[in-house]
Amino acid sequence: MLIKSMIRILQSGLRFLVIISIFTYTFHINAQRQMESLNRGLVAIKVSNGVYISWRVLGTEWKDVSYNLYRDSKRLNATPITGATSYLDPYGTINSSYTVASVINDIEQTSSEPVNVWGQNFKTIPLQRPAGGTTPDGVSYTYNANDCSAGDLDGDGEYEIILKWEPSNAKDNSQSGYTGNVLIDAYKLNGTKLWRIDLGINIRAGAHYTQFMVYDLDGDGKAEMACKTADGTVDGTGNTIGDGEADYRNSSGYILAGPEFLTIFNGETGEVLVTTEYDPPRGTVSSWGDSYGNRVDRFLACIAYLDGRCPSLVMCRGYYLDRSGTTGRTVLAAWDYRNGSLTHRWTFNAVKGGENEDYTGQGNHSLSVTDVDGDGKDEIIYGACAIDDNGTGLWTTGLGHGDAMHVSDIDPARPGLEKWGIHEGTRNPGSALLDVRTGEIIWQTAPADVGRGVSADLTAAFPGMECWGGTGGLRSATNLYAGGLPSSSNFLVWWDGDDLRELLDGNYIDK
């Protein structure tokens with residue numbers, strides 16, 4: 001099996017664009033922040049009128065950096081390259097070799113490792129598909145490649161791919177039934193498998209259960225992997241966590257009993273580095289909004305620079321209320337992994353009818369991390385509410401759950417950042433633009449049950465980004481009508497080389 005589409009080229013006349021799905025971009029650079037030590041990520045691809053070359057801007061580089069590009073040790077640019085990290089070499093061939101070096105204060109820095117030219121416009125990574133199995137109720141399953149993450153696991157400056165294998169009988173939390181085990185692999189870009197972790201029978205398979213974080217948490221130059229584990233999880237070296245014989249699945253396939261763990265794995269070997277009790281814990285299942293196991297196991301996770309210098313791991317649980325709106329919880333727990341030790345930083349607990357009550361029921365199927373107040377420390381935008389870097393509630397809107405949101409400088413005329421979000425139900429606005437520092441509603445649309453929404457700069461006719469999703473057409477950043485609804489509202493890419501975004505929906509890209 002092969003993963004394609006890591007890198008693809010769209011050819012249109014003399015214009016070319018490389019789409020790299022794994023890249024480093026820093027919106028706000030803080031000199032104190034611990035950064036990845038990555039290489040230049042140089043890629044050269046043969047195209048019809050030469051060779052297209054693209055490389056990485058490092059998170060430690062300021063905006064005034066420039067570059068010198070070399071083919072076979074000969075410099076191609078008369079003056080250092082600015083304004084882009086790409087170059088079309090009309091005289092390059094399939095046999096050419098390229099290097100690039102940054103130029104800072106008129107001094108050329110160390111050159112990258114030389115790279116050869118790809119003969120095709122994509123890279124394939126061979127995967128080792130695991131064998132399927134059969135659940136206790138006699139249902140057979142196979143495995144499909146699912147979510148991926150990226151990190152430099154071995155410290156060589158190149159990203160590795162960390163892949164979750166999802167069994168074909170994976171379930172949404174609202175669906176009963178047994179599932180196969182969740183497996184996580186690590187691969188070099190040449191297809192070499194570094195390890196496989198089996199999360200075991202006590203971790204249920206489905207989109208909302210396993211949120212695995214890949215990041216250099218301790219600053220040693222090598223990324224770790226962190227996720228929720230349980231009795232029977234087997235690490236990349238064959239060691240078992242807890243009781244390998246325990247089986248906590250009930251007759252409906254849910255796992256509502258037994259210990260829960262948080263584990264940090266060595267990114268290079270997959271070996272357990274440290275395991276502790278999972279926080280936030282399950283507690284009473286019904287306190288999350290139902291008794292059969294849907295809302296209790298809605299998980300999110302992120303990496304945030306809570307102290308402004310080093311990354312912290314934040315594990316989250318719960319974002320719904322029950323259908324009557326009377327029961328529900330939202331809990332976030334922050335952890336630091338330093339010098340081989342895992343230390344609890346803080347827990348934010350919100351309970352309907354109890355502490356931080358107004359923060360319950362506000363979560364999305366995703367979250368966003370950004371420094372909302374410019375102090376260098378990250379806050380967590382948890383759907384329709386925000387948690388401060390110190391683990392206290394910053395603001396909550398009461399607009400409730402929504403599937404999707406975007407946080408960016410949506411309206412450049414306003415200071416700071418904004419958050420565009422959609423909301424389910426018919427009592428609250430279908431969508432709203434918020435100030436992420438204060439939670440102030442800048443503008444909103446009529447009440448509606450909206451399932452998808454996107455914000456992106458699609459047209460140069462209006463400043464800033466446009467917003468859509470149940471809004472009566474495409475809206476400008478200031479809520480002016482900007483045209484009819486685009487063809488999709490799922491994902492976005494920069495595809496054709498200009499500053500405007502394109503729509504990505506399945507295998508289709510639209511202008």
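How many bridges join β39 to strand β40, and which way do the two run? Three bridges hold the pair together, and the strands run antiparallel. Keep in mind that this is a predicted model.

## A three-stranded sheet

Strand β40 covers residues 502–505, and it sits in the middle of an open sheet ordered β39-β40-β41, with antiparallel pairing. At the edges stand β39 (491–493) and β41 (508–510); each has a single partner strand, so one side of each is left without a neighbour in the sheet. From one strand to the next, the twist averages 35 degrees.

Want a spot to look at where β39 meets β40? Find L492, which stands opposite L503 in β40.

## A buried arginine

Now move to R317, which is part of strand β24 (residues 312–317). R317 is buried, and its relative accessible area is 0%.

What does the side chain of R317 touch? It makes a polar contact with the side chain of E260, at 2.8 Å. A polar atom of the R317 side chain also lies 2.7 Å from the backbone oxygen of V296.

## Two cavities

There are two cavities of 30 Å³ or more in the structure. The largest holds about 130 Å³ of space. Its lining has 15 residues, and N202, I203, K228, I255 and D297 are the ones nearest its centre. Strand β20 (residues 224–230) gives the most to this lining, with three residues. By type, the lining of the largest cavity splits into eight nonpolar, two polar and five charged residues.

The second largest cavity has about 40 Å³ of space. It is lined by E36, S37, D152, D216, G221, K222 and A223: one nonpolar, two polar and four charged.

Definitions and conventions
Residues are numbered from 1 along each chain as its sequence is written. This is a predicted model: local features need pLDDT of at least 70, side-chain atom pairs count only at pLDDT 80 or more; totals for chains, interfaces and linings use all residues. Side-chain values use heavy atoms; hydrogens and water are left out. Two strands pair if DSSP finds at least two bridges between them. Helices (H or I, at least four residues) and strands (E, at least two) are DSSP runs, numbered from the N terminus. Axes are lines fitted to C-alpha atoms, for helices over the stretch in contact, and angles run from 0 to 180 degrees between N-to-C directions. Buried means under 20% relative accessible area, exposed over 50%, partly exposed in between (1.4 Å probe, protein chains only). A polar contact is a pair of N or O atoms within 3.5 Å; within protein, one must be able to donate a hydrogen and the other to accept it, and residues adjacent in sequence count only if both atoms are side-chain atoms. On a 1 Å grid over the protein atoms alone, a cavity is a set of points where a 1.4 Å probe fits but cannot get out, and a pocket is an open set with protein on both sides within 12 Å along at least five of seven lines; lining residues have an atom within 4 Å of a point. Grid points are joined across faces, edges and corners, and a volume is the space filled by probe spheres set on the points. Ala, Val, Leu, Ile, Met, Phe, Trp, Tyr, Cys and Pro count as nonpolar, Asp, Glu, Lys and Arg as charged, and the others, Gly among them, as polar.
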